[in-house]
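Q: Please take a close look at the nonpolar interior of this model. I would like a connected account of how it is built and which residues sit within it.

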Amino acid sequence: MAIEKVKAYFRAQGMEERVMEFEVSSATVELAAQALSCEPGRIAKTLSFRVGDRAVLIVAAGDARIDNPRFKAYFGVKAKMLGHDEAESVIGHAVGGVCPFAVNEGVEIYLDVSMKRFGTVFPACGSSNSAIEMTMEELEKHSGCRAWIDVCKDWQ
């Protein structure tokens with residue numbers, strides 16, 4: 001189970017106790033915001049894309065949307081999300097629990113600047129009923145991101 005891989009990662013970092021599991025679903029931004037009693041923007045949603053032969057994750061604020069022209073300008077191709085049926089095998093987490101932690105080898109992770117307006121955000125932890133609260137510095141460190149990028153709209 002993917003959440004166990006994420007917990008094992010955080011256990012090694014001395015942070016496993018910070019992983020939250022809910023009695024209710026947190027599989028969408030709206031459900032996660034309800035479960036955490038926070039504004040939707042503070043949910044750090046992780047979107048999975050195919051860029052050529054690479055798998056790319058973009059972690060963005062919950063109220064942001066991918067801006068296709070900016071995505072294409074950065075990655076050189078049109079934004080094409082992974083299908084529900086392939087996310088788990090390619091990324092290591094199923095849709096609803098996709099997160100930037102304990103992913104399959106070779107998956108590239110990017111963080112969108114839309115999250116920088118918050119002190120902390122809540123990414124999922126590998127299941128459809130989990131999250132962890134992190135600062136931007138912690139998210140950058142533990143996601144192993146390649147870069148901060150600006151490929152989203154509708155959040156400003």
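A: What follows describes the nonpolar interior and some of the residues found there.

The model is a predicted one, and its largest nonpolar core has 43 residues, with F10, I58, I66 and M115 making the most contacts inside it. At least two residues of this core come from each of α1 (2–12), β2 (43–51), β3 (54–61), α3 (68–75), β5 (108–112) and α5 (136–143), and the largest share, 7 residues, is supplied by β3. Apart from this core lies another one, of 9 residues, which includes F22, A32, F122 and A131.

Once its neighbours within four places in sequence are set aside, F10 is in contact with M15, E16, V19, F101, C125, I132, M134 and H142. Two of these partners, F101 and M134, are also touched by L139, whose further contacts beyond four places in sequence are V59, P100, L111, M115, V121 and P123. L139 belongs to helix α5 and counts as buried because its relative accessibility is 0%. Although L139 and L111 are 28 residues apart in sequence, their C-alpha atoms are 8.6 Å apart in space.

C125, a contact of F10, is buried, with a relative accessible area of 0%, and C99 likewise counts as buried at 0% relative accessibility. The closest cysteine sulfur to that of C125 is in C99, at 6.0 Å, and because a disulfide requires the two sulfur atoms to be within 2.5 Å, this is too far for a bond. The structure as a whole holds 0 disulfides.

Methods:
Residues numbered from 1 in each chain as written. Predicted model: local features only at pLDDT ≥ 70, side-chain atom pairs only at ≥ 80, totals over all residues. Heavy atoms only, no water. Core = buried A, V, L, I, M, F, W, Y, C linked by side-chain atoms within 4.5 Å. Buried < 20%, exposed > 50% of the residue type's maximum accessible area, 1.4 Å probe, protein only. Helix = DSSP H or I, 4+ residues; strand = E, 2+ residues; numbered from the N terminus. Contact = heavy atoms within 4.5 Å.
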